[in-house]
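Dear colleague,

I am passing on the structure we spoke about, and my notes on it follow below. Please look through the sequence and the model before you read on.

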Amino acid sequence: MAQLDHHVLIVGTGSIGLRHLRCFLATGRAAVSFVEPRDEVRSSIVHEYPHCRGYRSLEEALAQGDFNSAVIATPAPMHVPQAIQLLENRIPVLIEKPLTLDLASAECLAAAARKASSIVGVAYVYRANPLLAQMRDSLLSGEFGTPVELIAYGGQNFPTYRPAYRDTYYNDRATGGGAIQDALTHVFNAAQWLVGDMQKIVVDAEHQVLGGVSVEDTVHAIARHEGNILASYTLNQHQPANELTMTVVCEQGMLRMENHRQRWRVTRQPDTPWTDFPLPTLERDELFVRQADSFLDAIQGKSVPLCGLDEGIASLKANVAALASWKQGNWQHIS
C-alpha cells in the first residue's frame with residue numbers, strides 16, 4: 001500500500017460497491033479496503049481480493065485504518081450520515097446516486113462539506129462517457145447555436161442486467177428504488193450537464209412489467225430546463241433492447257448520442273446525411289474506471305469531480321420533483 005498515492009475505503013459491497021472496489025483497483029493508483037457487516041460476504045471478498053482489507057463497520061474502519069478517500073455505496077438513506085461521518089474525519093467522498101432521498105438531508109451534507117472544506121463527488125457515471133463528453137464540448141463551442149430542445153429515450157431488460165433487483169434497494173422507493181431514482185436520475189443528470197438545470201417537470205409513471213416488485217418500471221416526463229429549453233424523457237426497465245439516445249436540437253443543427261451504437265452524430269441541413277463520430281466499444285467497467293481516475297485526480301487537485309455536490313443536489317431536486325409530480329398529477333417547479 002505504501003507505494004500507492006491513495007487508500008480508498010468502499011463503504012457497502014453490494015453489486016455497485018464491488019464494481020467500485022475492482023475499478024479503483026484497476027486504476028493502479030489506489031489501495032482499497034471495504035466495509036461489509038456480513039461475515040460470510042466479507043470473507044468471500046477478501047478471498048477474491050486478498051490485498052483488500054475488510055471491516056465490519058465504518059466505525060471500525062475509521063478507528064483502525066488510514067484512508068484518504070471513500071466511496072459510499074450503501075442504500076440511499078445511509079448516504080448522508082455516513083458521508084458526514086467521513087467528512088468529519090477530513091476524508092473526501094464519492095457518493096453513489098441517488099445522493100439522498102430528500103432536500104433537507106442534502107443541505108445538511110452541503111453544510112458538512114463546507115465546514116470540512118473537503119471534496120464531495122456524486123457518482124453519476126454517464127459523465128465519464130466520452131461520447132457524452134465530446135457531444136457536450138461541441139454544444140459548448142457554440143457551433144450549433146443555442147439549444148432549444150432535448151429528447152432522451154432509454155430502456156433495457158432489467159432482469160438481464162440486474163437479476164437480483166428484487167432483493168436489493170431497488171424494490172422500495174424508501175431505499176432509493178424504482179425507475180426514477182435508479183435509472184432516470186442518470187438521464188436527468190446527463191441532460192443537466194448538456195443543457196443546464198431543470199426548472200419544472202410533469203411525470204406519468206407506472207409499474208408495467210417487472211416481476212417481484214411494485215415500484216415504477218416505466219416513466220414518461222416532459223420538462224423545461226433553464227434557457228427556455230423544452231425536454232422530454234422516456235424510459236423503461238423491461239424492453240428487450242438495451243438502448244439510450246439523447247438528442248439536443250439547436251437553432252443551427254442537432255446533435256445525438258446513441259450509446260448503444262457507440263457513436264454521437266450531428267446534422268445541420270434538411271435532407272442531408274448525419275456526420276458520425278464513432279468511438280471504440282467500451283469494456284464493461286471502463287466508465288467506472290474513468291470515474292475512479294477522475295475522482296483520484298480531483299483529490300490531488302488536478303481537476304474537479306465529474307459531478308460535484310451542487311450538481312448532485314440539482315439532480316436530486318429533479319428526482320424529488322418527478323416523484324411529487326407523479327404522485328400529485330401536476331407540474332412541479334424546481335427552485
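A disulfide is counted here when a pair of cysteine sulfur atoms lies within 2.5 Å, and please keep in mind throughout that the model is a predicted one. By this rule the count comes to zero disulfides. Why does Cys 23 have no such bond? The closest cysteine sulfur belongs to Cys 52, and because it is 12 Å from the sulfur of Cys 23, that is too far for a bond. Seen from the other side, Cys 52 is likewise in no disulfide, the nearest cysteine sulfur being that of Cys 23 at 12 Å. As for their surroundings, Cys 23 counts as buried, with a relative accessibility of 1%, and Cys 52 is buried as well, at a relative accessible area of 4%.

Turning to the sheet, you will find six strands that form an open sheet, arranged in the order E3-E2-E1-E4-E5-E6, with parallel pairing. At its edges are strand E3, covering 53–55, and strand E6, covering 120–122, each of which pairs on one side only. From one strand to the next, the twist averages 20°.

Within this sheet, strand E1, made up of residues 6–11, pairs with strand E2, made up of residues 30–35, in the parallel sense and over six bridges. If you would like a place to begin looking at that pairing, take Val 8, whose bridge partner in E2 is Val 32.

With best wishes

Terms used. Residues numbered from 1 in each chain as written. Predicted model: local features only at pLDDT ≥ 70, side-chain atom pairs only at ≥ 80, totals over all residues. Heavy atoms only, no water. Pairing = 2+ DSSP bridges. Helix = DSSP H or I, 4+ residues; strand = E, 2+ residues; numbered from the N terminus. Axes fitted to C-alpha atoms, helices over the stretch in contact; angles between N-to-C directions. Buried < 20%, exposed > 50% of the residue type's maximum accessible area, 1.4 Å probe, protein only.
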